[in-house]
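Please go through the labels used for this structure and give the grounds for each. Keep the answers short.

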Amino acid sequence: MADTVLFEFLHTEMVAELWAHDPDPGPGVSAGLRGEETGATKGQKMSLSVLEGMGFRVGQALGERLPRETLAFREELDVLKFLCKDLWVAVFQKQMDSLRTNHQGTYVLQDNSFPLLLPMASGLQYLEEAPKFLAFTCGLLRGALYTLGIESVVTASVAALPVCKFQVVIPKS
Amino acid sequence: MSRPAHRRPEYHKINKDLFVLTYGALVAQLCKDYEKDEDVNQYLDKMGYGIGMRLVEDFLARSCVGRCHSYSEIIDIIAQVAFKMYLGITPSVTCNNSSRNEFSLILEKNPLVEFVEELPAGRSSLCYCNLLCGIIRGALEMVHLAADVTFLQDRLKGDSVTEIGITFLKKRDEKKYRRKK
């Protein structure tokens, strides 16, 4: 059946293509997404948000497909634990390696061998490129949380491949 | 737990859905970026090409296919081994001409469109699954076979079946090297 490798290849291709997207596309393209580029960093931010947005959509849809019994959570921490165990296993065939929180809405999820970074390198090589490969997954987490009733901001950071940390911040209402 | 979490059937389904959903999000994004259907189709084909070039190595590593002696053997491998391995379906194969270099894969089921009921409004020429054409083309090219791969029929466009046409372009080299999807 649809192997995990298909998703990984598609993800790699998406990162490569969306990154290389022409920043000055011409009249036919919706201006909302591309617009005028003032510099490389603006282009970078837009590409990352496109990938994150796609991840969000997919995360939402995946969230709706999760097994029913998991949807009765008593508290926020249960939801995060669920993401670290069940969602991560379903998507990446492994659990998140650690979950930390300050019990005030900030959670740090650490994966010591993140599958989308594993084939790239280990150590500091390609550190600059790593964020591109995390954007989709940040969106995925945010989308799954959203389906489970939680609005959040998810960012990721890499100190050395393939270890990465996802930071989930849930604002207090 | 009676068995490891990742073997539970519902997670297997989620994993399969992940690719299909991601593909859907990609097509939606491309439709936002490009007004013309032809541009989206071309982009999907190009991305598929990049994937196919790498996928063929993965395929060769996983399968134990031997040397092929004809185009129709290659097509059979694509339909019965590769499609089965990656998408869980087995398209049927027809040969469309007497010189035996034009073939069709007929897809009864297509997992890529599982969540797609119809093409978006105003997108009647969109080849939703064009990534597949690119993948096949890229994979064949990596084993030194040039081919044209296009959708001849598409259920999403109202045809009765989904049909991928593969036309091999060059005379197959007699040299002995592995060529599979």
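Q: Why is Cys64(B) called exposed or buried?
A: In this predicted model, Cys64(B) has 79% relative accessibility. The classes are buried under 20% relative accessible area, exposed over 50% and partly exposed in between, with a 1.4 Å probe and protein chains only. Therefore Cys64(B) counts as exposed.

Q: What makes Cys127(B) buried?
A: Its relative accessible area is 13%. That value falls in the buried class, so Cys127(B) is buried.

Q: How do you know how many disulfides there are over all chains?
A: A disulfide is a pair of cysteine sulfur atoms within 2.5 Å. By this rule the count is 0 over all chains. Cys64(B) is in none, with the nearest cysteine sulfur, that of Cys68(B), 14 Å away.

Q: Why is Cys127(B) not bonded to Cys133(B)?
A: The sulfur of Cys133(B) is the closest cysteine sulfur to that of Cys127(B), at 7.0 Å. That is too far for a bond.

Q: Why does Glu52(A) count as buried?
A: Glu52(A) has 15% relative accessibility, so the label is buried. Glu52(A) sits in helix α2 of chain A, residues 40-65. A helix here is a DSSP run of H or I with at least four residues.

Q: What joins the side chains of Glu52(A) and Arg142(A)?
A: A polar contact of 2.8 Å. The term covers a pair of N or O atoms within 3.5 Å; within protein, one must be able to donate a hydrogen and the other to accept it, and residues adjacent in sequence count only if both atoms are side-chain atoms.

Q: Which residues does Glu52(A) touch, not counting those up to four places away in sequence?
A: Ala135(A), Cys138(A), Gly139(A) and Arg142(A). Contact means heavy atoms within 4.5 Å.

Q: How do the residues lining the second largest pocket divide by class?
A: There are 7 nonpolar, 1 polar and 4 charged residues. Ala, Val, Leu, Ile, Met, Phe, Trp, Tyr, Cys and Pro count as nonpolar, Asp, Glu, Lys and Arg as charged, and the others, Gly among them, as polar. α1(A) gives the most to this lining, with 4 residues.

Q: What ground rules apply?
A: Residues are numbered from 1 along each chain as its sequence is written, and chains are lettered from A and ligands numbered from 1 in the order written. Local features need pLDDT of at least 70, side-chain atom pairs count only at pLDDT 80 or more, and totals for chains, interfaces and linings use all residues, while side-chain values use heavy atoms, leaving out hydrogens and water.

Note on methods: Helices (H or I, at least four residues) and strands (E, at least two) are DSSP runs, numbered from the N terminus.
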